[in-house]
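Reader: Hi! I am new to reading protein models. Could you take me through this one, term by term?

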Amino acid sequence: MQNFSGVGVSPGRIIGAVRQMPKPVSEPPAGERLASSTTVDDATASLRAASKVVQAELQGRAKAATGASQAVLEATALMAADPMLIKAAVKLVAAGTSAERAIWESGASVAEMLYNLGGYMADRATDVLDVRARIVAELRGVPAPGIPQSTEPFILVAEDLAPADTATLDPAKVLALVTSGGGPQSHTAIIARALGLPAVVAAAGVDDLADGTVVYVDGAAGTLSVDPGADEQELVAAWLLAAETLSVFDGTGTTSDGHLVPLLANVGGATDAVKAAELGAQGVGLLRTEFCFLERETEPTIDEQVVAYRGVFDAFPGKKVVVRTLDAGADKPLPFLTDSTEPNPSLGVRGYRTDLTTPGVLKRQLTAIATAAADSPADVWVMAPMIATVDEAADFAAMCRVAGLKIPGVMVEVPSAALLADRILGEVDFVSLGTNDLTQYTMAADRQLGTLAALNSPWQPAVLHLIKLTVAGSIAQGKNKPVGVCGEAAADPVLAVVLVGLGVATLSMTARSLAAVGAVLKTVTLDEAKRLAELALSARNADEARTSVRAELPILAKLGL
C-alpha cells in the first residue's frame, strides 16, 4: 500500500476516488502582441471589463457564502480590480502587448512583490495569481479554473487551493481535501474545518495521483493511503458511527468532574451567529467585525455597523458575545485604512495600530458597538487585536470607557503581550489568545507555508509556555480576569484538554468543532488535564507534545479523532 504523510488539519476518515484540480490556465506566449485588428483602446476596454466580470463573479460567490468563506471571497474580489494590478497591465497594453499577456505579466510582478514582503502579504500573492488566471480565462472566453465537476462524490487533491476555490466547496460532492502544499492555518485548512471536511495539507507527492485512484484519508492522523483494504473500511465505518456522537453538542462544556469550560463560537456575522446558536454554542468568543468593512471603498457608517452587530447580539440573548475590533491590515487591506506600500505588513500597521495612522475609525466603531449593545440582551465584551504593550492596553480600555463599554479586553497574539500579561490584565478585564498569530510570531514561521508546517504548530512547547505565562498573569491579578482562546487551537479536541489544563477559562472555535471538543473534555478530570498539560510543556518539540498527550486519551480512537 502506497502511503503519503502530511499534516492533519480536520478530522475524519473516508474512502473515495481522487479527482485532481484542473491544470491552471496556460500562460499566454511571451512577447504576444495585440492583433492587428485590435486597437489599444479596445484591448484596454476588454481588460477592464474582464476584471469587472471576475470581480462581480467573486462578489456573487461571497454573497452566497458565510463566515470565513465569505471573508476569503470578499478579499479575493478586491484583488480582481486592484488599481496596481490593472494599471500595470494597461500600461503594457499601451505599449502593444496583448491584453492576456499584459495581465499575466502584471499579475506576476504584483504577486512577486507581495511574496517578497512575507507574512500575510505573501498569502495575497496566491489571490493575485488566481485572479490573473480568471481574467485570462474571461478574455479567452473559456471557463475559469475551479473545482472539477463530477456526478459522483470525490476526494479533491491539489497542490494548493485558491481562496475562491476553498470558499465554494460543495461538501455534498467533496468528501475530503488533500494538498501537497499549504500549512495548518492556510485558507484550505480553515475552510475545511468550517465545512467539517476531513483534510490533510503539506502531503508531498499527492498531486501525482491519477484521477480515479481509490484512497483512504485520515484527517486526524494526516495520512493518505492508496488501494485501502478491509482494515481501512472498518476504520471508516467506526468513524461514521462516531460521527453521530460528534454531530451534537449538549450546550455545556465541562470536564468529567464538573469543572465548567464554556465552549463558544467564532463567527463572522449574523448568519454565522444564528447557526452557532443552533449548534449549542454557549456564546461568541470571537466576532470578526471585518465583515462590515471588507469590499468597501469607504468606512461603513455607525448606523450600518449598529445593524450588523445587533444581528449577532440578538442570536445570543443573555450570553457572552466577545467583539474583536477591526483587524485590518496585513492580509485584510482596506483602501481607506491601510498602506499598501508597507515593506512588511504582518509586522506593520494592523489591528489596533491602525488608530495611530487613521485616528477616528476605532472610536466610531466602539460607538457603534456600544449603541448596538445598549438595547441588546447579550453580554457584550470588546477586545482589541495586535496589542503589544501595557500602554496600548490602557489606552484601549480608556477608549472603551468613553464609549460606554464596560468590559474591555485585548488579544494576546504578540509574544510581548504574553510576557507582560500580568501588567496588561491590570488595565483590562480579560484577554483572549489568538493562537494562530501567537504561533507564527513566536516561531517566526509564516502560517501559510507548507514547508514550515512543523514549526507553525500551536503544539510547539514554546507557544504552550507563553499560554501558561499568560494564565499566570491572570492569577497574579488575584481577580476574576479570565484568559480565553479564540484561535484555531481551541478547535483541536486534544489540544483543548491541554489548554484547560493550563488554566484557560473558555474556548472559542468554529461551531462545527463544539461537539468533538465537548465530547473529549467530558472524559477527563481537571487534574488529569493539568497532568497532560505538564506532559506537553515538558516535550522537546511539537510532535512529541501531541503524540504523548494523544497516547493518554483512549477516547480518541473510539471517536475517530
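**Charges, shape and one threonine**

Author: Happily! The protein chain carries 44 positive and 63 negative side chains, and the centres of the two sets are 3 Å apart. Lys and Arg count as positive and Asp and Glu as negative, while His and the chain ends are left uncounted. Each charge is placed at NZ of Lys, CZ of Arg, CG of Asp or CD of Glu. This is a predicted model, where local features need pLDDT of at least 70, side-chain atom pairs count only at pLDDT 80 or more, and totals for chains, interfaces and linings use all residues. Residues are numbered from 1 along each chain as its sequence is written, and side-chain values use heavy atoms, without hydrogens and water.

Reader: What makes the protein chain as compact as a globular protein of that length?

Author: Its radius of gyration is 24 Å, close to the 24 Å that the globule rule gives for 561 residues, so the description fits. The radius is taken over C-alpha atoms, and the rule is 2.2 Å times the number of residues to the power 0.38.

Reader: Why does Thr254 count as buried?

Author: Buried means under 20% relative accessible area (exposed is over 50%, partly exposed in between; 1.4 Å probe, protein chains only). Thr254 has 13% relative accessibility, so it counts as buried. Buried residues make up 58% of the 561 in the protein chain.

Reader: Which residues is Thr254 in contact with, leaving aside its neighbours within four places in sequence?

Author: They are His259, Leu260, Val261, Leu521 and Lys522, where contact means heavy atoms within 4.5 Å.
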